[in-house]
Amino acid sequence: MAKAKTNFVCQSCGAIAPRWQGRCDSCGAWNSMIEEAPNAGAPPALTGGKGRVFALLPLGGASEPAPRVATGISEFDRVTGGGFVPGSVLLLGGEPGIGKSTLLIQVCGALAQQGLGVVYISGEEALDQVRLRAERLGLAQAPIAFAAETKVEDIVVTLRHSRPPALLVIDSIQTMWTDVVDSVPGTVTQVRGAAQALIRYAKTTGAAVILVGHVTKDGQIAGPRVVEHMVDAVISFEGEGARDFRILRALKNRFGAAHEIGVFEMTGRGLAEVINPSALFISGHAEASPGNAVFAGLEGTRPLLTEIQALVAPSPLGMPRRAVVGWDPNRLAMIIAVLEARAGLRLSQHDVYLNVAGGLRIAEPAADLAAAAALVSSLTGQSLPPHCVFFGEIGLSGAIRPVAHVATRLKEAAKLGFTHAVVPPAQETGAIDNMLLKTCADVADLVALIAAP
Ligand code: TYD
Ligand code: MG
């Protein structure tokens, strides 16, 4: 008799292999293959002749904008694109201890206080623990329905007994399991099965669902990478352990702009909104010391000023150190190479450290010019002009290239008391009052400008 066949499933990407492998062929993860029972063939609907006749509608024509359920926590609503869309499913990822449960209790509390039904299911904490946290957040009396459960069937059956809530929070998806799948809880197959059941619940009842997902050290949402493709929005909650700032970032959003951010501060009474984050990230710019440049950036649709700090020092090592916090190390290597090749700077005998102040992570190429300015300033010991912001992308030829949304960046800088900006040439800037613009055609121009401001 044939032996019941099992598969080996990569817990990182969900790829299936017939036998165990040390390294997944598909995503390259090490030690990620776990033996699981195979899924039972194709669903019966595909093999039988039974199906439902549905109407096909013209795609053209007017449609109403999706209704939204706003929480009133404006930093949160901004990231979701103006509030939850009923029936949508959102994945909130973040490292353990970053404050996901705290944020979601606050969100539940805000909705409950508007008289909306909210259900919070925890697979990690008991009633007393969550109650204690709610008390600390001043939400002890908020009408939030709570249960400590992990079996998805039980959760869905229980919820179907009453009117669907406006919001269902599942904390966390990794602790959920379903009978349908014959694997250990926490494996990719279980997480996918549980997520599927909860997504179906959301779509059929119109309840918005938030799934909490833990991320691993390298920033992936552990195990259920696959869940990212199934949900409507993926939001990550990040921050540096030692600091109190937390950034909520939309990585994907079917109902709003991606890359939108919300900024919070962890206080003794939960997460407080930071309404003007630019002031926070550049608080130290007053003492204009060499190596500090202010970047006028954009996160989603929101302008954000950040301080980029560089330290360039002669290296005692044969292979100088390059260390970056908050920026792409490859990008730094490229800027260093361009400064050497196109502006004649000598950095090959120097250690180079680059830090984005405040624990922010910048992904925009427009930060190139500010990073280069910080590097040149540190190398030459020449402080950058005070009250000056930088933005522009640097090409391999050394030319500074235009970037988008210049007026928004300049307006934010002017609002915070900056008076000068160094910008790419031929940039359509729009007139901003009291803002003096200097254009920089290439990196050699930048070096000259810093030497003689
Ligand atoms: P938590 O929401 O449990 O994190 P997660 O669900 O992402 O694992 O947050 C845990 C941290 O937040 C914990 O270290 C304590 C801190 N905290 C505060 O500083 N103030 C507060 O009011 C609360 C509730 C938590
Ligand atoms: Mg938690």
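Good morning. I shall begin at ligand 1, which is surrounded by 15 residues. The closest of these are Gly99, Lys100, Ser101, Thr102 and Gly270. Please bear in mind throughout that this is a predicted model.

Which helix gives the most to this shell? Helix 3 does, with 3 residues. Helix 3 and helix 4, the latter spanning 127-136, each supply at least two residues of the shell. Divided by class, the shell around ligand 1 holds 7 polar, 4 nonpolar and 4 charged residues.

The UniProt entry, which is unreviewed, carries a "binding site" annotation for Gly94, Glu95, Pro96, Gly97, Ile98, Gly99, Lys100 and Ser101. Gly99, Lys100 and Ser101 in that annotation are also named among the closest residues to ligand 1. I would like to consider two of them individually.

Let me take glycine 99 to start. Where does glycine 99 lie? Its place is the loop that runs between strand 4, residues 89-94, and helix 3, residues 100-113. Glycine 99 has 19 C-beta neighbours inside 10 Å and therefore counts as partly exposed, since 20 or more would be required for a buried residue. Setting aside residues up to four places away in sequence, glycine 99 touches Phe237, Arg246, Met266 and Leu271.

I turn now to serine 101. Is serine 101 buried or exposed? Serine 101 is buried, because 23 other C-beta atoms lie within 10 Å. In contrast to glycine 99, which sits in a loop, serine 101 is placed in helix 3.

Let me now widen the view to the protein chain. The chain is divided into domain 1 (1-38), domain 2 (74-275) and domain 3 (279-451). The centres of domain 2 and domain 3, taken over C-alpha atoms, are separated by 37 Å. Domain 2 brings 10 residues to the contact between these two domains, and domain 3 brings 8 residues. On the side of domain 2 that touches domain 3, the residues comprise 5 nonpolar, 2 polar and 3 charged.

Some overall figures complete the description. The protein chain contains 12 helices and 21 strands. Along the principal axes, its C-alpha atoms fill a box of roughly 80 × 55 × 50 Å. Of the 453 residues in the chain, 42% are buried. If one considers contacts between residues at least 6 apart in sequence, 65% of them join residues at least 24 apart.

To return to the starting point: helix 3 gives the most to the shell around ligand 1, and serine 101, within that helix, is buried. Thank you.

Definitions and conventions: Residues are numbered from 1 along each chain as its sequence is written. Chains are lettered from A and ligands numbered from 1 in the order in which they are written. This is a predicted model: local features need pLDDT of at least 70, side-chain atom pairs count only at pLDDT 80 or more; totals for chains, interfaces and linings use all residues. UniProt positions are given in the numbering used here, feature names are shortened, and annotations may be inferred rather than shown by experiment. Helices (H or I, at least four residues) and strands (E, at least two) are DSSP runs, numbered from the N terminus. A residue is buried if 20 or more other C-beta atoms lie within 10 Å of its own, exposed if 12 or fewer, and partly exposed in between; C-beta atoms are placed from the backbone. Two residues are in contact if their C-beta atoms, placed from the backbone, lie within 7 Å. A residue is near a molecule or strand if its C-beta atom, placed from the backbone, lies within 6 Å of it. Ala, Val, Leu, Ile, Met, Phe, Trp, Tyr, Cys and Pro count as nonpolar, Asp, Glu, Lys and Arg as charged, and the others, Gly among them, as polar. Domain bounds come from an automatic or database domain assignment.
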